[in-house]
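Please work through the exercises below with the sequence and the coordinates at hand. Each task is followed by a solution in steps.

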Amino acid sequence: MTTATRPAEAPLVHAVNVMKSFHGNEVLKGIDLDVRRGEVVVLLGPSGSGKTTFLRCINQLETIDGGRIWVDGDLMGYADKGGQLYRLTDKQIAAQRRDIGMCFQRFNLFPHKTALENVMEAPVQVKGVKKKDARKRGIELLERVGLGDKPAAYPAQLSGGQQQRVAIARALAMDPKLMLFDEPTSALDPELVGEVLAVMRELAASGMTMIVVTHEMGFARDVADEVVFMDGGVVVEQGPPSEVIGNPRHPRTKDFLRRMR
Ligand code: ADP
């Protein structure tokens, strides 16, 4: 599908019946999810319910066994020729992934590069952006995440919260159309969680489309347009936070939320 023919209201992410197994263990048993442009979706669910796997399937870090995922009209990982699916090459998949930013629980910054060099790396290496331009943009992005005074700091000199903010700036440097967050605050000391959530709130307010796996219920309640509760590889319940968190219907959702308190 080209941009010209795609209806304006088409979801940015359109996942249909996504299935994934590891060695016979069915981890995703047919996940459907639509994410509209500018929307924030929070994935909730107990450990092992398949949230991380689903995020990794969206950007093709995992190859799905069944179903289909489109991001901005692109069928992820495959070419569809008359209904027959052909796996794309690694290079083609890498090109698809370029437009999707991902932040992990562990920030995975390059330890021997400064904050600014970490942010500049992908635009220069992958997109061929001139160093001068990447540096200017990198400084702007570090300012955006509240680290305008830390361009020369190495990861080891930064707190966990600061490192995660560098990781967010690094993802934004590639101008992603979608940001995936996998428990971005879970590895942080409690006093550092707020500064990372504040950056994510600002990002959401700026109109970024985001899928966020988190246990931060305040963030989910305030920022999510849609909350998706997963358990055992299926979507159990889905809706606005006022419903799924405020007034859950399914016993499994109720049980999970009770444990979260
Ligand atoms: P969640 O993010 O909800 O905690 P995960 O997606 O991380 O859940 O994991 C779901 C299940 O898939 C778990 O049982 C996990 O052990 C299994 N799993 C995830 N990745 C792999 C893998 N690479 N190989 C084998 N099993 C995996």
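The exercises that follow concern a predicted model.

**Exercise 1. The ligand shell**

Determine which residues surround the ligand, and describe the shell by class and by secondary structure element.

Solution.

Step 1. List the shell. The residues around the ligand are Phe-22, Asn-25, Val-27, Pro-46, Ser-47, Gly-48, Ser-49, Gly-50, Lys-51, Thr-52 and Thr-53.

Step 2. Sort them by class. Seven of these residues are polar, three are nonpolar and one is charged.

Step 3. Assign them to elements. At least two shell residues come from strand E2 (25-35), and at least two come from helix H1 (51-58). The element that gives the most is H1, with three residues.

**Exercise 2. Polar atoms at the ligand**

Find which polar protein atoms lie opposite oxygen atoms of the ligand in Gly-50, Thr-52 and Thr-53, and state what share of the ligand surface the protein buries.

Solution.

Step 1. Examine the backbone. In Gly-50, a backbone N or O atom is 3.0 Å from a ligand oxygen. In Thr-52, a polar backbone atom is 2.8 Å from an oxygen atom of the ligand.

Step 2. Examine the side chains. Thr-53 places a polar side-chain atom 2.5 Å from a ligand oxygen.

Step 3. Consider the surface. The ligand taken alone exposes 560 Å², of which the protein buries 61%.

**Exercise 3. Helix H1 and the loop after it**

Establish how many residues of H1 are buried, and characterise Asn-59 and Gln-60 in the loop between H1 and strand E4 (66-71).

Solution.

Step 1. Count within the helix. Six of the eight residues of H1 are buried, and the helix is thus mostly covered. The buried ones are Lys-51, Thr-53, Phe-54, Leu-55, Cys-57 and Ile-58.

Step 2. Turn to Asn-59. This residue belongs to the loop between H1 and E4. Asn-59 counts as buried because its relative accessibility is 3%, and the cut-off for buried is under 20%. Leaving aside neighbours within four places in sequence, Asn-59 contacts Met-76, Arg-97, Ile-100, Met-102 and Leu-180.

Step 3. Turn to Gln-60. Gln-60 lies in the loop between H1 and E4, and at 4% relative accessibility Gln-60 is likewise classed as buried. Not counting residues up to four places away in sequence, Gln-60 touches Met-76, Gly-77, Arg-87, Ile-93 and Arg-97. With Arg-87 there is a polar contact between side chains, at 3.0 Å.

Step 4. Check the backbone. Gln-60, just after H1, has a positive phi of about 65°.

**Exercise 4. Positive phi in strand E1 and the loop after it**

Describe the position and exposure of Asn-17 and His-23, and give the phi value of each residue.

Solution.

Step 1. Recall the general expectation. Most residues other than glycine have a negative phi.

Step 2. Consider Asn-17. Phi of Asn-17 is positive, near 50°, and the residue is not a glycine. Asn-17 is part of strand E1 (residues 13-22) and is partly exposed, at 35% relative accessibility.

Step 3. Consider His-23. His-23 also is not a glycine and has a positive phi of about 50°. His-23 sits in the loop between E1 and E2 and is exposed, with a relative accessible area of 85%.

**Exercise 5. The cysteines**

Explain why Cys-57 and Cys-103 are not joined to each other.

Solution.

Step 1. Recall the bond. A disulfide is a covalent bond between the sulfur atoms of two cysteines.

Step 2. Apply the distance. The cysteine sulfur closest to that of Cys-103 is in Cys-57, and the pair is not bonded because 19 Å is too far. The cut-off for a disulfide is within 2.5 Å.

Step 3. State the total. The structure holds zero disulfides.

Step 4. Add the environment. Cys-57 is buried at 0% relative accessibility, and Cys-103 is buried at 1%.

**Exercise 6. Val-193**

Locate Val-193 and identify which residues it touches beyond its sequence neighbours.

Solution.

Step 1. Locate the residue. Val-193 is in helix H6 (residues 190-205) and is buried, with a relative accessible area of 10%.

Step 2. List the contacts. Setting aside residues up to four places away in sequence, Val-193 touches Thr-185, Leu-188 and Glu-216.

Step 3. Compare sequence and space. Val-193 and Glu-216 are 23 residues apart in sequence, and their C-alpha atoms are 9.3 Å apart.

Terms used. Residues numbered from 1 in each chain as written. Predicted model: local features only at pLDDT ≥ 70, side-chain atom pairs only at ≥ 80, totals over all residues. Heavy atoms only, no water. Buried < 20%, exposed > 50% of the residue type's maximum accessible area, 1.4 Å probe, protein only. Near = heavy atom within 4 Å. Polar contact = N/O pair within 3.5 Å; in protein donor to acceptor, adjacent residues only side chain to side chain. Areas by Shrake-Rupley, 256 points an atom, 1.4 Å probe, with all protein chains shown as cover. Helix = DSSP H or I, 4+ residues; strand = E, 2+ residues; numbered from the N terminus. Nonpolar A, V, L, I, M, F, W, Y, C, P; charged D, E, K, R; others polar. Contact = heavy atoms within 4.5 Å.
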